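Grab a coffee and work through these exercises with the structure open beside you. Try each task before reading its solution.

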Amino acid sequence: MKLEFSGAPEITASRQQLWQKLMDPDFVAASGPGVEAVERVDPTHFRVTSGLGVGPLKVRFKLDVELFDIVEGERLTMRARGLAPGSTVEVVSSLRIEDAGNQHSRLRWSATSDLNGTVARVGGRFLEMTARRLTEEFWTDFARRVSAS
């Protein structure tokens, strides 16, 4: 099951402030629903444990996260690959920072999720709605927290 989402929140922060927050895995993970743990492997690789419920199905994913295609202060791509019992997930997110004037920035993001296995079969009818809601909540919360810091 393939899902695609995008958004472009305006954030009350400079490009540099926004970039610093994007490069802080603990700050980013704090906006992630169900994130239980983040382990920094190196500056561009992380291991994340996350538990999510999709309809009647509750699963815990162990994700390997990689940042690549990095142009400091401008853009990056994040790939998260993970496993849960009987399921796999891969999420690729492209992030681009733009000036929005007056010490504001715009974070253009797009995410493509590919889910297979039990999660896709059992949670199918709930999955798209839940994934969309969680993704939008994540980036909305991230933008709010960056603006407040």
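A residue counts as buried when its relative accessible area is under 20%. Keep that cut-off handy, and remember that you are looking at a predicted model.

**Exercise 1. Work out how far to trust the model and how the chain is laid out.**

Step 1: start with confidence. The chain averages a pLDDT of 87, and 90% of the residues score at least 70.

Step 2: look for the extremes among the elements. Helix 1 (residues 15-22) has the highest mean pLDDT, 94, while helix 3 (residues 118-122) has the lowest, 67. Where pLDDT is low, the predicted coordinates should not be read in detail.

Step 3: walk along the chain. You should find four helices and eight strands, and from the N terminus on the order is β-β-α-α-β-β-β-β-β-β-α-α.

Step 4: check what is buried and what touches what. Of the 149 residues in the chain, 41% are buried. Take the contacts between residues at least 6 apart in sequence: 51% of them join residues at least 24 apart.

**Exercise 2. Find the enclosed space and describe its walls.**

Step 1: search for cavities. Rolling a probe the size of a water molecule over the atoms shows where empty space is left. With 30 Å³ or more as the limit, the whole structure yields one cavity, and the largest cavity holds about 940 Å³ of space.

Step 2: list the lining. The largest cavity is lined by 38 residues, and those nearest its centre are Leu63, Met78, Ala80, Val91 and Phe138.

Step 3: assign the lining to elements. Those giving two or more residues include helix 2 (25-29), strand 5 (57-71), strand 7 (87-101) and strand 8 (104-117). Which element gives the largest share of the lining? That is helix 4, with seven residues.

Step 4: sort by chemistry. The lining of the largest cavity splits into 31 nonpolar residues, six polar and one charged.

**Exercise 3. Classify two aromatic pairs by their geometry.**

Step 1: decide what to compute. A pair of aromatic rings is described by the distance of the centres and the angle of the planes. Counted this way, there are four aromatic pairs.

Step 2: take Phe27 and Phe142. Their ring centres are 5.7 Å apart and the planes meet at 80 degrees, so the pair is edge-to-face. Phe27 sits in helix 2 and Phe142 in helix 4, 115 residues apart, so to speak a link between distant parts of the chain.

Step 3: are these two buried or exposed? Phe27 counts as buried because its relative accessibility is 12%, and Phe142 is buried too, at 0%.

Step 4: now try Trp109 and Trp139. Here the centres are 5.9 Å apart and the planes are at 25 degrees, so this pair is stacked. Trp109 belongs to strand 8 and Trp139 to helix 4, so the pair ties together parts that are 30 residues apart in sequence. Both Trp109 and Trp139 are buried.

Step 5: put the rings together. Phe27, Trp109, Phe138, Trp139 and Phe142 form one aromatic cluster.

**Exercise 4. Describe the surroundings of Thr135.**

Step 1: locate the residue. Thr135 lies in helix 4.

Step 2: apply the cut-off. Thr135 counts as buried because its relative accessibility is 17%.

Step 3: look for its partners. Leaving out residues up to four places away in sequence, Thr135 touches Phe5 and Trp109.

Technical notes: Residues numbered from 1 in each chain as written. Predicted model: local features only at pLDDT ≥ 70, side-chain atom pairs only at ≥ 80, totals over all residues. Heavy atoms only, no water. pLDDT = per-residue confidence, 0-100. 1 Å grid on protein atoms, 1.4 Å probe; cavity = no way out; pocket = protein on both sides within 12 Å on 5 of 7 lines; lining within 4 Å. Points joined across faces, edges and corners; volume = space filled by probe spheres on them. Nonpolar A, V, L, I, M, F, W, Y, C, P; charged D, E, K, R; others polar. Buried < 20%, exposed > 50% of the residue type's maximum accessible area, 1.4 Å probe, protein only. Contact = heavy atoms within 4.5 Å. Phe/Tyr/Trp six-rings, centres within 6.5 Å; stacked < 30°, edge-to-face > 60°.
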